[in-house]
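The following exercises introduce a single protein chain. Each task is followed by a solution in steps.

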Amino acid sequence: MAGRIVRWGAALALGAVWWWSVLRLALVPDAGVLEGAVAAGGWGLSLLPVHCVPKARAVGAVGSDRWRESWQEAWSRRRGTGVGRARGVR
């Protein structure tokens, strides 16, 4: 329970700092680099995917040892030449 409270508190505090920087950039004529860096950093964090799972648990994920086979299979499907030839190549 304490961990959840700490996470929510950190999220609210960081959200408040981000909004402070955005509002300062929009409303105060002498807003500086600090506000811009905080606003850009918070916006950049919002671009991160939030529904990530480890590759071992991802449905349809290809292991790092099979990437070449997977690419060749996809390429042959795209060209319409069939997948039989690409499967034997490693």
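**Exercise 1. Determine in which helix Glu 35 is found, and whether Glu 35 is buried or exposed.**

Solution. Glu 35 is found in helix α2, where helices (H or I, at least four residues) and strands (E, at least two) are DSSP runs, numbered from the N terminus. Before going further, note that this is a predicted model, in which local features need pLDDT of at least 70 and side-chain atom pairs count only at pLDDT 80 or more, while totals for chains, interfaces and linings use all residues. Residues are numbered from 1 along each chain as its sequence is written, and side-chain values use heavy atoms, with hydrogens and water left out.

The next step is accessibility. Buried means under 20% relative accessible area, exposed over 50%, and partly exposed in between (1.4 Å probe, protein chains only). Glu 35 has 7% relative accessibility, so Glu 35 counts as buried.

**Exercise 2. State which residues Glu 35 is in contact with, leaving aside its neighbours within four places in sequence.**

Solution. Contact means heavy atoms within 4.5 Å. With those neighbours set aside, Glu 35 is in contact with Trp 20, Ser 21, Arg 24 and Leu 25. In addition, the side chain of Glu 35 reaches the backbone nitrogen of Gly 32 at 2.9 Å. This distance can be set against the rule for a polar contact: a pair of N or O atoms within 3.5 Å, where within protein one must be able to donate a hydrogen and the other to accept it, and residues adjacent in sequence count only if both atoms are side-chain atoms.

**Exercise 3. Find how many salt bridges the whole structure has, and describe each one.**

Solution. Side chains of opposite charge can pair when their charged atoms come close. A salt bridge is a side-chain nitrogen of Lys or Arg within 4 Å of a carboxyl oxygen of Asp or Glu. A search of the whole structure gives two salt bridges.

- Glu 35 pairs with Arg 24, and their closest N and O atoms are 2.6 Å apart. Glu 35 lies in helix α2 (residues 33-46) and Arg 24 in helix α1 (residues 2-27), so this pair ties together parts that are eleven residues apart in sequence. Arg 24, at 25% relative accessibility, counts as partly exposed.
- Arg 77 pairs with Glu 73, with the closest N and O atoms 3.8 Å apart. Both residues lie in helix α3 (residues 67-79), four residues apart, which is about one turn of the helix. Arg 77 is exposed, with a relative accessible area of 54%, whereas Glu 73 is buried, at 16%.

**Exercise 4. Establish how many aromatic pairs are counted, and which type the pair of Trp 18 and Trp 19 is.**

Solution. Rings of Phe, Tyr and Trp (its six-membered ring) pair if their centres lie within 6.5 Å; planes under 30 degrees apart count as stacked, over 60 as edge-to-face and the rest as tilted. By this rule there is one aromatic pair. The ring centres of Trp 18 and Trp 19 are 5.0 Å apart and the planes stand at 80°, so the pair is edge-to-face. Trp 18 counts as partly exposed, at 25% relative accessibility. The C-alpha atoms of Trp 18 and Gly 41, 23 residues apart along the chain, are separated by 8.7 Å. Gly 41 is found in helix α2 and is partly exposed, with a relative accessible area of 33%.

**Exercise 5. Describe the chain as a whole: how many helices and strands does it have, and what share of its residues is buried?**

Solution. The secondary structure comes to four helices and zero strands. From the N terminus on, the elements run α-α-α-α. Of the 90 residues in the chain, 8% are buried. Among contacts between residues at least 6 apart in sequence, 8% join residues at least 24 apart.
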